[in-house]
Amino acid sequence: MNQPIELFTSSPTRLVRKKRGRQTTRLGLLAFILAIAGVSEWAYSTLVDSRHIEKEPGLVVDRGALSFFRHVMEQDYLIGLSGGKSALLELSMVSPVERLQSSRLAALYGEDEATANKSYKGKRVIVSGEIVAVRVNLNDDVIVELPGTRPFSNVQAVLHKDVKRYTGPILKGENVRLYCKVHGKTLDDSASLVYLTDCESIDFSNEAREYSAHLTEKMNTWLQTGGAHEFPSDFAASYFLATYLTGTRLPGENPCRLNQVSLDQCVSALESVDTQALFEMARGDLERWRQWLVLRPLARYVSSR
């Protein structure tokens, strides 16, 4: 029986619920498989070698494979933020966004403000709760009041100045999830209220696109110029190379090879593709890239198995 799970999607207004299935998780699971199950066998580390290495004539960067790489990284980043099975999460390149009830945050500040500040002040979190009241202050800020620990101690969630950053209903009684920066208490007083600032709808699609585009640019540079990589670890570099090479085996007409298609279109296009088979087919190309990218087999590697 399919169980509902929460995934961050390209929805412009909210975190939506989707059922677990091959299509909705295909890219994310591929990323996790590449990084954890298979890349350990491919794991290579940087060779410290100052000699100039000539690039093999046949090693041409496949733009379609780079597009596939970008789509995989975009989806994996979103899954990592939600705390799901993410290769980037395993590689410590993304951290899940913490979620908590507004009343829980208020309780933590009520118990020990100094400790709560160390954990949350300045940090962005997802806070949920029922809207108790809505008001506008003297600075024309819209403030959504969420439950605290007792009456008249509501958490004050100040919406972002850019009205486009929050498009959900602002009605008393509505249950909301807001992505906010924790400001903490406004006064050094036990009765002071907890404030959240720059609250907006939960939508990390733009952030994910920017992240994956930047990572793809670094990958392209590495493939073009060769030599030592600039990724956080050799295991990460091996995972990225495996993902790229898997994309080179994707059929030329597959939308995932096009940079302009959306993530949803790419995920749908992989419904009829055996991505595990692509991964196996790409193994043979690794050795051809190894010398150019100055990699050698790792003596030790990290694996979840």
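## Reading a sheet and its aromatic pairs

In the protein chain of this predicted model, residues 24 or more positions apart account for 68% of the contacts with a separation of 6 or more.

Q: Let's start with the big picture. How many helices and strands does the protein chain have?

A: You can find nine helices and eleven strands in the protein chain. The chain has 305 residues, and 48% of them count as buried. As for the outside, the protein chain exposes about 15,600 Å², with carbon and sulfur atoms supplying 50% of that area.

Q: Okay, now the sheet. What is the order of the strands in the open sheet of seven strands?

A: Read across it and you get β4-β5-β9-β10-β8-β7-β6, with mixed pairing. Start with the ends: β4 (99–101) and β6 (133–136) stand at the edges. Each has a single partner strand, so one side of each is left without a neighbour in the sheet. Neighbouring strands here are turned by 35° against each other on average, if you ignore direction.

Q: Does anything pack on the sheet, and if so, which strands does helix α4 touch?

A: Helix α4 (residues 102–111) packs on it, touching β4, β5 (124–130), β7 (142–146), β8 (155–159), β9 and β10. The direction of α4 makes about 85° with that of β4.

Q: How do I read "mixed pairing"? Which strands pair with β10, and in what sense?

A: Handy choice, since β10 shows both kinds of pairing. β9 and β10 run antiparallel and are joined by five bridges. Look for lysine 185 opposite valine 194 in β10, and for glycine 184, whose bridge partner in β10 is tyrosine 195. With β8, on the other hand, β10 pairs in the parallel sense over three bridges. There, alanine 157 has leucine 196 of β10 as its bridge partner.

Q: Is β10 mostly covered or mostly uncovered?

A: Mostly covered: five of the seven residues in β10 are buried. While you look along a strand, keep one general idea in mind: in a regular strand the side chains alternate between the two faces of the sheet.

Q: On to the rings. What describes a pair of aromatic rings?

A: Two things: the distance of the centres and the angle of the planes. In this structure the count comes to seven aromatic pairs. One of them is tyrosine 179 with phenylalanine 204, an edge-to-face pair at 4.6 Å centre to centre and 90° between the planes.

Q: Where do tyrosine 179 and phenylalanine 204 sit in the chain?

A: They link distant parts of the chain, 25 residues apart. Tyrosine 179 is in strand β9 (residues 175–185), while phenylalanine 204 is in the loop between β10 (194–200) and α6 (205–225).

Q: Why does tyrosine 179 count as buried?

A: Because its relative accessibility is 12%, and buried means under 20%. Phenylalanine 204 is buried as well, with a relative accessible area of 2%. Tyrosine 179 has another visitor too: arginine 124 lies over the face of its ring, at 4.4 Å from the ring centre.

Q: What does a tilted pair look like, say tyrosine 239 and phenylalanine 240?

A: Their rings are 5.1 Å apart centre to centre, with 40° between the planes. Both tyrosine 239 and phenylalanine 240 are buried. Ring pairs also link these two with Phe69, Trp222 and Phe231 into a cluster.

Key. Residues are numbered from 1 along each chain as its sequence is written. This is a predicted model: local features need pLDDT of at least 70, side-chain atom pairs count only at pLDDT 80 or more; totals for chains, interfaces and linings use all residues. Side-chain values use heavy atoms; hydrogens and water are left out. Rings of Phe, Tyr and Trp (its six-membered ring) pair if their centres lie within 6.5 Å; planes under 30 degrees apart count as stacked, over 60 as edge-to-face and the rest as tilted. Helices (H or I, at least four residues) and strands (E, at least two) are DSSP runs, numbered from the N terminus. Buried means under 20% relative accessible area, exposed over 50%, partly exposed in between (1.4 Å probe, protein chains only). A charge sits over a ring if NZ of Lys or CZ of Arg is within 6 Å of the ring centre and within 35 degrees of the ring normal. Two strands pair if DSSP finds at least two bridges between them. Axes are lines fitted to C-alpha atoms, for helices over the stretch in contact, and angles run from 0 to 180 degrees between N-to-C directions. Contact means heavy atoms within 4.5 Å. Accessible areas come from the Shrake-Rupley method with a 1.4 Å probe; for residues, only the protein chains shown count as cover.
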